Amino acid sequence: MIGIDLFRRLRRHVPGAVPDAVAAPPGDAGATIRLARDIATTGHYTMLAALAPLDRAAVALHLAAWLEDPSPLFTMLWRHSVDSPHDLLTLTACLRAGSRGSALWPVRVVTALAEGRSGPVESDGVLQALLDCLPSLDDALDDLVRRGKSPRRLLGRLFDVLPAELALPRLLRLAFDEATPAVLAWDAADRLAALDSSIAVDPPVLAGAISRWVHVDALHGAPGLRSLPETDALACLQFFSTSTAGVMRCEHVTCALVANAACGPALRLAALHILAQLDTGAFWNVVAMACLDGSSSLRRGAVELLTASPARDAIAALVRLALRKDAPADVRLESVLRLSIETTWDVAPVLQRCAGDGTLPLAARVRAAAAAGRRAADHPRLLALLRDPLLHAEVRAAAARVATGPAAVPDLVRLLLDATAPAPVVAAACEALAAPAFRPYAVVARRAMIRLLAVTCADVELTLAVIAALGKIGDEEAVGVLGSLAGAGAAMRLRGVVPADMLAQPAGACLTKGALTAPLAMRLARVMATASTSAEQPTTLEQFLAMEVDQIRCAAAAALARCSGAPATAAIEAAMRAGAGARVAAALVAALDTSASDDALLRHFLDAGLDAAIRWQILERLIVRDHGPALVRSILTQPGCDAYAHELAIEALGRANDVASAPLLIRLIDDLASTPVLRERALMALGRLANPAAETTLARIAASADHTPEERGTAAASLPAAISDATCRLLRDLVRDERPPAPLIAGALRALGRAGDVAARPLMIRFSADARPEVARAAIEALASCGDLSISPVLVRAALNPYADAALKLAAIEALLRIGDADAPRLLRPYLGHGSLLLRMRAASLLAEHGHLGMIAEQIARDRLCPLPLRLHALMHLAGRQQATPVCAALLGDATEDLQLRAAAVASLPSGETPLEVLAIVRDPLAPVTLRAACIAHLGRQGGVDAWLELSTLAEDETDPCVSALAMHELYALLQPAGQVTG
């Protein structure tokens, strides 16, 4: 048993003392002894009743010492104690005499004393008798535990009346002793938990008592659980939840822990999860209160439990939280997000109220508006939101996107014709009218959109929305408008809104002068802010307009692709003749590819009047078709085909690895009338083909003196990796000639290295020290291709050759890295401080590729003396790794650092990491807009409730329209999947 004696100081022991009421009478001691002997012999305990109380006490003490079973004596005294309180004290003295009666007698006697049957407990005589009886009580409790008996009613009555300071140590013994029967131990634990004073007890070692300790500790403020490590506390709580504590005790403990703000969030959240599993009526009230707690992790855990439950009580709690204006913003946001996908219960009225509640985050209002009209019966709610001019424009736009049914057509068309309507709402109306549900009203919608295009020349954002909508409508008139915008009409549209004398002015200066229209200025500000480097920013206004024209043309091409049909194809073909850059060319050809036949694509490719970029894009589409290689081969036999088409066709055949093209390529190579460029490209293409004839032809050309050294070197270098022994001998013989040309040596060595020719290794070693850099580099690359560590000394000598240039030595070190030499990183690190930036960048790339950059990347990123490109390269290497967080946070928080480097640091942050520096810059109106844009983009990538809240706040901040637009763009990207579902 656990020995606990916390109140020994209360006892006043006097050896041999007996309470005054039962002291031996001053009469004949011998007569007393004889009477006691007679009673013990005859068993006539009724003789004691005739004695005076003092004489009865003296005789009873002798009997208690002699009797083997004093139970009859105790029974007689117990009955008389009802009328004679002194007999109860006599019974107490008999228990002290060391009797061996039933273990229940000490319990009964102590209970009677504590109840005051012998007088007030505070009196000296009764209190001393009670204290003197405690050892017998402890022995009795031990005996009960040892025998496995559980007199719950008797013990309950005892602890009901026993003073708390006397009950506490005995309850502790019963509750936390492993030998105590479970029922009795839990009763003791319940009584301990009910005590008013806090009880600090160390966690028991034995597993059986841990659950009871958790029960007591949690209901007394959890001082023990709070002192444990978090993992241990969680383990104890989990053990308690799976014990025999019962549902009611688990409910009391978990409720107490959840309400205890002094406990850690993890412990409180674990208690909340246990309470959820109990499925009791208390859960809903507790979880609702937890949603309002000051701990964000507990709040969100509680809301997560609510959102995961389909129960009506959970939905009701979410409704209350969403409408409660004093609730935390994150809780209200998550409540609305859950309600927006609810399909069982009708929450449309609540969502309508949330959409118009300006105290909610913008993300919640937008999501609520998008979900408010999910059912046909709720469409009037959407129209009410759409018509309300006091609502945020994005809320009205969300309602417009999902508006369906004939009743919405007048409102949507009216928005297209309303010059005062906000641009986001008008764009959303265009998107809605292009939906299949409004196909019967396509004529009305198309006319309104075309009219809108005529008055929104300066608003590129709105122009793109109208183009996308017209592409979905796709009738003949829409195709005509789109064809014009895909061609020269886009440039004419934008140039008409900007004075000609401003086109050559710097783009940044045009923003400060305020000469641009608001939508165009906003687009320019966003482009300037989101460019990762100054080189990516438009230099002049004309360059910016060219970028916007490309945007419009690409959108129009994609819209024409949706239209399909002969008119759309004709419009695309006409737009291709207006000239195009790489981006527009790719969009136009992609649109043409959806409907054009093989012959049509081939015809366009052969048209020398088309832009070169468009022709290259056409060939890229043509080669991947089913009969693409055959069509491309036919190009080489077309009469009058220009050289550019031949060059592109040869390259495409090589990339496609078309084995059937080998004879044609061989004829081109052997045709000395062909241009050197064509023969060289044919050689390279032939080397990519898995055709046996390719090796023979290339080897023949490499050995032929009729071809130029460059062609022979290209042929040798183009040989496949798996070549025959005869070809290897041929190449070795060519290299051993008296004076072979440098291109031939380099090509032959590379081919021998790829083939792993061991016999050529002496030649590679010899030429690795050649004075011609291209030859030495080829020899080093060939040695590296062998992959044999035995050649390390040769490469080390080349790397340390003081007469070789740095590039060649770096190539030798790269070869050492490729074969896995352990000393290669040590030889490479000095190049990080080389005078040539290109070599420094190459060294850093090699170390990163082979996993040896490590901590050096952090040092380079922090080193202000390193060139900016090298520091940016180091950040790129750290991107996404956990060790990047402190480095990026330090760079981001340093206002004296380069702005481009700080923006790159934001982009390099790993997923799930949002340092405080990011939030500080996002909230700082004086921070550079480029840096704020990078931080906003990071929040958009991270997602989550915190990002939604920050972006919602920024999107409604009117102090910086550019920042507001960027935040809304990221927020819309996060909302888009949900919008698609609800639509």
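Val331 is found in helix α19, where helices (H or I, at least four residues) are DSSP runs numbered from the N terminus. The model is predicted, so local features need pLDDT of at least 70 and side-chain atom pairs count only at pLDDT 80 or more, while totals for chains, interfaces and linings use all residues. Residues are numbered from 1 along each chain as its sequence is written, and side-chain values use heavy atoms, with hydrogens and water left out.

**Helix α19**

Val331 is buried, with a relative accessible area of 0%; buried means under 20% relative accessible area, exposed over 50% and partly exposed in between, for a 1.4 Å probe and protein chains only. Neighbours within four places in sequence aside, Val331 is in contact with Cys291, Arg299, Val303 and Leu321, contact meaning heavy atoms within 4.5 Å. Val331 and Ala302 are 29 residues apart along the chain, and their C-alpha atoms are separated by 9.1 Å.

Arg338 is also found in α19, which covers residues 329-339. Arg338 is buried, at a relative accessible area of 11%. Apart from neighbours within four places in sequence, Arg338 is in contact with Thr307, Ser309, Pro310, Ile315 and Leu318.

**The largest pocket**

The largest pocket holds about 1,200 Å³ of space. On a 1 Å grid over the protein atoms alone, a pocket is an open set of points where a 1.4 Å probe fits, with protein on both sides within 12 Å along at least five of seven lines, and lining residues have an atom within 4 Å of a point. Grid points are joined across faces, edges and corners, and the volume is the space filled by probe spheres set on the points.

The lining of this pocket consists of 34 residues, and those nearest the centre are Glu394, Ala423, Pro424, Glu461 and Met968. At least two lining residues come from each of α23 (393-401), α25 (423-433), α27 (460-473), α31 (518-530) and α58 (961-982). By class, the lining has 19 nonpolar, four polar and eleven charged residues. In this classification Ala, Val, Leu, Ile, Met, Phe, Trp, Tyr, Cys and Pro count as nonpolar, Asp, Glu, Lys and Arg as charged, and the others, Gly among them, as polar.

**Helices that contribute to the lining**

The helices α23 and α25 pack at an angle of about 5°, and their axes are 8 Å apart. Axes are lines fitted to C-alpha atoms, for helices over the stretch in contact, and angles run from 0 to 180 degrees between N-to-C directions. The two helices α23 and α25 are therefore roughly parallel to each other, a description that applies to angles under 35 degrees. On the α23 side the contact is made by Ala393, Glu394, Arg396, Ala397, Ala400 and Arg401, and on the α25 side by Pro424, Val425, Ala428, Ala429, Glu431 and Ala432. This contact of α23 with α25 has eight nonpolar, no polar and four charged residues.

Leu520 lies in helix α31. Leu520 is buried, with a relative accessible area of 0%. Residues up to four places away in sequence not counted, Leu520 touches Ala458, Val460, Val497, Val498, Phe544 and Leu545. Between Leu520 and Ile450 there are 20 Å in space, C-alpha to C-alpha, and the two are 70 residues apart in sequence.

**Residues in loops**

The table gives the accessibility of four loop residues.

| Residue | Loop between | Class and relative accessible area |
|---|---|---|
| Pro204 | α10 (182-194) and α11 (207-219) | buried, 17% |
| Ala222 | α11 and α12 (223-227) | buried, 0% |
| Ser564 | α32 (541-563) and α33 (565-576) | partly exposed, 41% |
| Asp757 | α44 (742-755) and α45 (761-767) | buried, 11% |

Ala222 has a positive phi of about 55° although it is not a glycine. Ser564, likewise a residue other than glycine, has a positive phi near 55°. Not counting residues up to four places away in sequence, Pro204 touches Ala209, Ile210 and Trp213. Pro204 and Glu178 are 26 residues apart along the chain, with their C-alpha atoms separated by 9.5 Å. With the same exclusion of residues up to four places away in sequence, Asp757 touches Cys728, Arg732, Leu752 and Met764.

**Helix α51**

In helix α51 (residues 855-862) the buried residues are Ile856, Ala857, Glu858, Ile860 and Ala861. These buried residues of α51 pack against α52 (868-878), α53 (884-893) and α54 (899-907).

Technical notes: Angles under 35 degrees count as roughly parallel, over 145 as roughly antiparallel, 65 to 115 as roughly perpendicular and the rest as oblique.
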